[in-house]
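These are my notebook entries on one chain, written down in the order in which I looked things up. I begin with a single residue and then work outwards.

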Amino acid sequence: CAHPATEPLSTGRMLACTRGVAATTKLVRASVLWVPTYAKAHSSHEAFCASFSSLALQRNKEKLKQYIQSTTAKEETYQDETPEYKKITAHIHEAAKRGDWKSAEAAFHEVKRPDTILYNVIMNAAARCRQVDRGLRLFEDMSCQGIERSPASYGSALKLLGAEGRYQEARTLWQQMQQQRVSNCESSGMNSLLDAAATQGDVAAVKRHMDEADHLNIQLSPAHYGSLLKAYRETRDAEGALETLQLMRERCVRQGVIHATLALGACKRYIAQAQDFVKGKVYLDRVLSHMEKEGIQPNEYFVEEHVGLILKVDKLAECYSGKTTVSSAKAAEALVVIDTAK
């Protein structure tokens, strides 16, 4: 932008500045979650605030200082300052990685008065261990015990519901968050809400919430479009999935192999149901052509979907178990795909 004292702003520059300030204001809101942690690593709040050089962020210096000061006092009372507390949270994390829910839960109960942070840690562990009902009970326990629910707490609960495709419950919780003005988790919360709708194959709900995200000034991310692709996969809508890939390209949304895999999965499920290999070949060529344009390289998951499309089966296990018989020619073609990928 021009310097206000030396150079007048044209209409175009004024518009650019306005957009820039709006974008950086979003960044300030998003940064609130990590401000306290980042600030602790610096010798002073002044040094932290000085790291923000853009005009819009400089204007928020005082607000950031006030936020840091208000949260620092609260953070200093957390139990995670003690080595024993850190040991327990670390144990829960490690147990969750192994899928050992019993060990994670036992460690949680070692703490006589768990706080918000520990509840968030154990709810995330519940999500990783697929203990959805137990994780949601912990979320309810927070309210019963008078423990403050942070934005991360709501995000964890939505994540649990999203993983299980419990869309109606996720939608109800999302509405509560909007009514209570729970901030700083809009984007991640929207991810979980979309995931819940996508798991149920509710394309209309996914699209509706993506429109809602735009209304709430939540920038649609690759993950949001991934949920739409997942919904199309669940409904075996190959055309819808391919149109979504093209839409992402037109909107300059970053794409990866997971998006191509989801789209190919939609094509594979359609072919497995329709048993129309001619159309399957057309769909495959469209996906591969799109990947070439986007510079996307296949991984093992994409190859598995590719092989399934060739064999015209929804799941490869159907072939191995003898439920579905495939021709030797198709099996040989599938082997070529696998060997080429290696």
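**Entry 1: a tyrosine and its partner**

Is Tyr154 buried or exposed? I looked up its relative accessible area, bearing in mind that the model is a predicted one, and found 6%, so Tyr154 is buried, since buried means under 20%. I then turned to the aromatic pairs, of which the structure holds three. In one of them, the rings of Phe139 and Tyr154 have centres 5.5 Å apart and planes at 75°, and because an angle over 60 degrees counts as edge-to-face, I noted the pair under that heading. Phe139 belongs to helix H9 (residues 132–144) and Tyr154 to helix H10 (residues 151–164), so this pair ties together parts that are 15 residues apart in sequence. Phe139 is buried too, with a relative accessible area of 4%. I also looked at what sits over the ring of Phe139, and there I found the charged end of Arg149, 3.8 Å from the ring centre.

**Entry 2: a second aromatic pair**

How far apart are the ring centres of Tyr270 and Tyr283? They lie 5.9 Å apart, and with the planes at 75° this pair is edge-to-face. Tyr270 is found in helix H16 (residues 257–274) and Tyr283 in helix H17 (residues 277–294), so the two rings tie together parts that are 13 residues apart in sequence. When I checked burial, Tyr283 came out as buried at 4% relative accessible area, whereas Tyr270, at 22%, counts as partly exposed.

**Entry 3: another residue of helix H17**

I stayed with helix H17 a little longer, as Arg286 also has its place there. Its relative accessibility is 37%, so I wrote Arg286 down as partly exposed, a class that runs between the 20% and 50% limits. Leaving aside neighbours within four places in sequence, Arg286 is in contact with Glu239 and Leu242. I also looked up Leu264, which is 22 residues away from Arg286 in sequence, while the C-alpha atoms of the two are 9.6 Å apart in space.

**Entry 4: the chain as a whole**

How many helices and strands does the chain have? I found 20 helices and zero strands. The chain has 342 residues, and buried ones make up 42% of them. Its exposed area comes to about 19200 Å², of which carbon and sulfur atoms supply 51%. Among contacts with a separation of 6 or more, 62% are between residues 24 or more positions apart.

**Entry 5: the nonpolar cores**

In soluble globular proteins, nonpolar side chains tend to be buried together. With that in mind I looked up the largest nonpolar core, which has 73 residues, and the members that touch the most others are Ile92, Trp101, Ile122, Leu173 and Val206. Helix H8 (residues 116–128) gives this core its largest share, eight residues. I followed Ile92 further and, not counting residues up to four places away in sequence, found that it touches Ala104, Ala107, Phe108, Leu118, Val121, Ile122 and Ala125. Apart from the largest core lies another one, of eight residues, including Val307, Leu311, Leu316 and Val337.

**Entry 6: loops**

Where does Ser221 have its place? It is in the loop between helix H13 (203–215) and helix H14 (222–234). I had to check the cut-off here: at 19% relative accessibility Ser221 still counts as buried, because the limit is under 20%. Once its neighbours within four places in sequence are left aside, Ser221 is in contact with Asn191 and Val253.

Asn217 is also in the loop between H13 and H14, and although it is not a glycine, Asn217 has a positive phi of about 60°. Arg130, in the loop between H8 and H9, likewise has a positive phi of about 60° without being a glycine.

**Entry 7: cysteines**

A disulfide is a covalent bond between the sulfur atoms of two cysteines. How many disulfides are counted here? The count comes to zero, going by the rule that the two sulfur atoms must lie within 2.5 Å. I checked two cysteines for burial as well: Cys129 is buried, with a relative accessible area of 11%, whereas Cys144, at 66%, counts as exposed.

Notes:
Residues numbered from 1 in each chain as written. Predicted model: local features only at pLDDT ≥ 70, side-chain atom pairs only at ≥ 80, totals over all residues. Heavy atoms only, no water. Phe/Tyr/Trp six-rings, centres within 6.5 Å; stacked < 30°, edge-to-face > 60°. Helix = DSSP H or I, 4+ residues; strand = E, 2+ residues; numbered from the N terminus. Buried < 20%, exposed > 50% of the residue type's maximum accessible area, 1.4 Å probe, protein only. Lys NZ or Arg CZ within 6 Å of the ring centre and 35° of its normal. Contact = heavy atoms within 4.5 Å. Areas by Shrake-Rupley, 256 points an atom, 1.4 Å probe, with all protein chains shown as cover. Core = buried A, V, L, I, M, F, W, Y, C linked by side-chain atoms within 4.5 Å.
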